[in-house]
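I'm opening a fresh notebook page for this one. My plan is to look up charged pairs, then the chain contact, then aromatic rings.

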Amino acid sequence: MNMAGYNLALPGPGDIYREVLSNGIIVLARSNFNSPSVVVSGYFDAGALFDPDEKLGLSDFVTSALMRGTKKRSFDKIYNELESVGASLGFSSGVHKSGFSGRSLAEDLPLLLNLLSEALTMPVFPKVEMEKLRAQLLTGLAIRAQDTSDMASMVFDEILFKGHPYSRPEDGHPETIQNITRWDLVKFHREHYGPRGLVIALVGAVKPEEAVRQVKRALGGWQVKGQKEAPELPALKSLKKTVSKHHRITGKSQSDLVVGTNGPMRRDPEFMSASIGNNILGQFGMMGRIGDVVREKSGLAYYAYSSLSAGIGPGSWEVNAGVNPQNVKKASDLIVDELKRFVQEGVTADELADTKANFIGRLPLSLESNGGVANALLNIERHNLGLDYYRRYEGLVNEVRQEDVLNTARKFIDPDRLAIAVAGP
Amino acid sequence: MSDTLTQTTLSNGLKVLLKEIHTAPIISSWVWYRVGSRDEVQGRTGISHWVEHMQFKGTDHFPANVLDKSISREGGSWNAFTYIDWTAYFETMPADKIDLALRLESDRMMNSRFDLNEVASERTVIISEREGSENEPLFRLGEVIQQTAFRIHPYHHEVIGDMADLHTITRADLYDHYRAFYLPGNAVMAMAGDFDTKRMLARIKELFEPIPAGSEPARLAREEPPQNGEIRLSVEGPGETTYVQVCYRFPNAAHPDFFPLSVLDSLLAGPSNLNMFSGGISNKTSRLYRALVDKELAVSVHGGAQATIDPFLYTITMTIHPRRKPEQALAALDREIKRVKDEKVLKEEIKRAIKQARALFAYGSENITNQGFWMGYAEMFANYNWFQTYLDKLSAVTAKDIQRVANEYFRPQSRVVGTYAPANGRP
């Protein structure tokens with residue numbers, strides 16, 4: 001393949017097939033016959049946003065229970081069919097949406113779609129299976145309580161999103177999981193699951209028209225009346241000063257540290273400049289400037305990096321590091337100093353050029369596997385980016401100027417108003 | 001669009017495998033060294049992994065701050081891994097940029113600096129990496145099991161090394177280890193992707209052939225004697241969750257019994273996924289899941305074999321149900337092990353395991369990095385033919401083979417059973 005074909009190898013309007021079914025389901029498809037496998041993934045309008053406080057973790061419980069039995073098949077039967085052909089299918093819940101992801105050999109795509117359809121449209125939530133699942137979820141939460149990284153992130157969200165639904169962990173708390181009844185699952189499914197807002201992407205060794213035909217067969221007849229609308233997100237209250245909190249977990253040899261603030265939404269015009277800025281701050285090379293200061297120069301941590309989580313609502317812009325409990329203060333001070341430098345000086349022309357080249361060059365790598373392409377198609381749909389987004393990507397990256405990065409950094413990061421969370425001894 | 005494989009050995013001993021794949025304008029380039037924690041003596045444990053870290057600290061030509069940016073700038077993805085048997089480095093890059101990876105790898109095969117200050121700062125980074133692992137109950141348990149299972153063989157210690165050694169290893173130790181093992185004759189170069197073999201091979205020769213062959217590295221030859229009797233051990237630590245690991249001794253990957261055991265693993269615990277860049281599948285209808293998780297003795301169970309040079313371990317990990325005792329789960333596990341010894345498995349079960357393996361292979365072939373990975377990985381413990389004939393070898397497995405290997409390898413006398421139990425506030 002020569003380099004003229006380079007951009008054309010990326011998904012674009014010519015090879016992404018998009019169709020809206022009569023019941024509202026949006027199907028996206030792209031073929032790849034290089035391997036005899038196929039990926040099916042998607043999302044729909046149900047998430048932890050709908051969970052009552054006292055039953056937090058409900059949406060997550062529902063997604064975990066979908067494949068525990070349907071009107072047509074038992075838990076064991078479902079997995080037997082799936083695993084016998086080396087296929088996989090799983091559901092998970094986020095804050096706004098729940099999602100699914102599965103894969104199989106192309107010859108088993110009809111089976112995969114049947115199981116997807118049954119789990120989505122006719123789960124029965126058997127009592128016995130629910131109790132098994134509850135014990136598994138509670139064990140998961142007990143393990144989470146011992147995980148310094150999970151707990152630091154949880155405490156960070158509590159500080160940063162105080163009073164906002166984003167402050168709540170999607171997997172709930174032991175007491176809220178105990179509160180959930182079988183009826184809660186049935187009701188949640190009845191009120192929130194439906195074809196409206198369901199997006200499904202199929203990528204792999206199947207022709208797009210055939211993929212759509214198969215989705216129509218499996219899900220085209222699904223109708224639900226009165227599917228509930230998502231509640232309005234309350235406005236976010238920004239921090240008035242830096243707030244720090246230390247969550248004690250005894251007996252651990254390493255503490256996790258999260259330092260950060262609010263970031264943009266995916267649809268914000270600043271998203272690309274924030275993304276580029278973030279790459280320079282805590283990702284590029286060996287974890288950017290943060291990695292250079294905390295890991296390379298000070299030898300304080302094995303990992304120290306920054307990340308943006310821009311979604312439907314305002315996300316976070318945060319720095320994570322795992323450090324010896326005695327070095328927490330030292331590492332935290334170094335990170336805050338780097339954030340100050342970032343908003344005062346911005347980035348250099350060389351740094352910007354490096355990151356632009358990195359973004360443009362690495363794009364085809366992220367689109368190598370069927371799963372990578374499916375995620376890209378869902379990303380386009382969820383954030384309304386346009387089918388030509390990945391073909392325009394290079395131009396979007398190159399548009400960003402040094403002053404854009406600086407202005408964006410200043411808009412979102414105030415080094416005197418940060419959330420700082422630590423979990424460890 | 002035919003995928004062609006070329007294998008050759010350069011005059012200095014470097015083995016080269018090239019596979020053209022023209023599905024995307026991407027190339028994945030790997031260099032594998034036959035060095036890992038199996039090559040470490042007491043007092044130097046963790047040194048192979050530390051050398052791997054130092055390989056990112058620069059040569060005269062690619063100083064540290066240039067090196068870590070150069071690949072990223074070209075849109076490449078790169079990393080390195082140290083295992084008990086090997087150390088591997090890869091760069092996956094846009095096809096027209098791959099020359100940078102070749103220049104970098106040929107340079108750091110012999111010219112890494114091992115600067116004293118960099119050694120000092122990396123010491124604390126690696127100590128921090130180990131402290132992060134120590135946070136995990138299964139690391140704490142696994143380390144003690146490994147030490148117990150391998151009293152003589154250098155599989156005795158974890159790849160990360162013992163904390164005592166991480167404090168005392170010197171720059172000279174690191175550099176000696178590097179010079180002893182980073183030699184073309186001790187390495188395999190594997191490349192998959194969008195290139196022309198003839199031109200690529202010429203370029204590889206140009207860059208790598210001038211590197212002197214050096215002398216064959218000395219190897220430790222300390223075979224683990226047979227274990228005569230089950231060993232039970234326990235580790236206590238924070239948390240409220242109990243884990244049990246049961247480890248049986250498994251043959252090396254090149255051993256013919258590895259294949260019936262792989263089928264057995266599929267049946268018992270769901271197929272082990274040997275791909276490095278592609279996920280596995282669930283195991284909810286495996287025999288152990290049905291006997292342990294469905295019956296609420298455990299909340300999860302996993303089993304896994306690894307492809308190694310010398311006989312290693314098959315590990316079954318159970319997360320015990322909060323209302324159960326570890327002994328109850330262990331008894332149910334033993335009933336299932338007895339079943340595979342006493343009764344022949346069904347033909348359909350074997351067919352199922354083969355289909356699972358076929359699917360995992362297809363998923364793994366979706367990405368070029370994983371294809372490059374396999375070419376070198378298989379060379380470390382066997383050869384690329386092992387990978388190419390893997391499915392055929394599985395297909396040849398019979399129910400009789402499975403019963404035989406179950407009786408031979410799942411012996412209580414040669415297993416180690418380890419429990420991680422909550423300390424419940426005990427100091």
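Before anything else, a cut-off I'll lean on: a residue is buried when its relative accessible area is under 20%, exposed when it is over 50%, and partly exposed in between. By that cut-off B:Phe373, at 1%, is buried. I'm also noting that this is a predicted model.

**Entry 1: aromatic rings**

I started from B:Phe373 and asked what its ring pairs with. B:Phe373 and B:Tyr377 make a stacked aromatic pair, with 4.7 Å centre to centre and 20° between the planes. Both sit in helix 13 (residues 368-381) of chain B, and because they are four residues apart, about one helical turn separates them. B:Tyr377 is buried too, with a relative accessible area of 7%.

Then I looked up another pair, B:Phe381 and B:Trp386. This one is edge-to-face, at 4.8 Å centre to centre and 85° between the planes. B:Phe381 has a relative accessible area of 8%, so I wrote it down as buried. B:Trp386 is at 4% and counts as buried as well. Over all chains, the count comes to 55 aromatic pairs.

**Entry 2: salt bridges inside a chain**

A reminder to myself: side chains of opposite charge can pair when their charged atoms come close. How many salt bridges does a search of the whole structure find? I got 65 over all chains.

I picked out a few. A:Lys55 bridges to A:Asp184, and their closest N and O atoms are 2.9 Å apart. That pair links distant parts of the chain, 129 residues apart: A:Lys55 is in the loop between strand 3 (37-44) and helix 1 (58-65) of chain A, while A:Asp184 is in helix 7 (residues 182-192) of chain A. Are the two partners buried or exposed? A:Lys55 is buried at 17% relative accessibility, and A:Asp184 is buried at 14%.

Next came A:Asp333 and A:Lys329, whose closest N and O atoms are 2.6 Å apart in a salt bridge. Here both partners lie in helix 11 (residues 328-345) of chain A, four residues apart, about one turn of the helix. I have A:Asp333 as partly exposed at 34%, and A:Lys329 as exposed at 58%.

In chain B I checked B:Glu230 with B:Arg232, a salt bridge with the closest N and O atoms 2.5 Å apart. B:Glu230 is partly exposed, at 30%, whereas B:Arg232 is exposed, at 52%.

**Entry 3: where chain A touches chain B**

I wanted the extent of the contact. It takes 61 residues from chain A and 68 residues from chain B. The buried area between the two chains is about 5,400 Å², and carbon and sulfur atoms give 51% of that.

Eight salt bridges are counted between chain A and chain B. I also looked up A:Glu107 and B:Arg358, whose side chains meet in a salt bridge at 2.8 Å, N to O. Polar contacts across the interface come to 39 residue pairs, both residues at pLDDT 80 or more.

Which elements supply the chain A side? Among those giving at least two residues each are helix 2 (75-84), strand 5 (98-105), helix 4 (127-144) and helix 12 (349-366) of chain A. By class, that side has 21 nonpolar, 26 polar and 14 charged residues.

Last jotting: a network of salt bridges links A:Arg295, A:Glu296, B:Lys57, B:Glu118 and B:Glu122.

Key:
Residues are numbered from 1 along each chain as its sequence is written. Chains are lettered from A and ligands numbered from 1 in the order in which they are written. This is a predicted model: local features need pLDDT of at least 70, side-chain atom pairs count only at pLDDT 80 or more; totals for chains, interfaces and linings use all residues. Side-chain values use heavy atoms; hydrogens and water are left out. A salt bridge is a side-chain nitrogen of Lys or Arg within 4 Å of a carboxyl oxygen of Asp or Glu. Buried means under 20% relative accessible area, exposed over 50%, partly exposed in between (1.4 Å probe, protein chains only). Contact means heavy atoms within 4.5 Å. Buried area is the accessible area (1.4 Å probe) that two parts lose on being put together, summed over both. A polar contact is a pair of N or O atoms within 3.5 Å; within protein, one must be able to donate a hydrogen and the other to accept it, and residues adjacent in sequence count only if both atoms are side-chain atoms. Ala, Val, Leu, Ile, Met, Phe, Trp, Tyr, Cys and Pro count as nonpolar, Asp, Glu, Lys and Arg as charged, and the others, Gly among them, as polar. Rings of Phe, Tyr and Trp (its six-membered ring) pair if their centres lie within 6.5 Å; planes under 30 degrees apart count as stacked, over 60 as edge-to-face and the rest as tilted.
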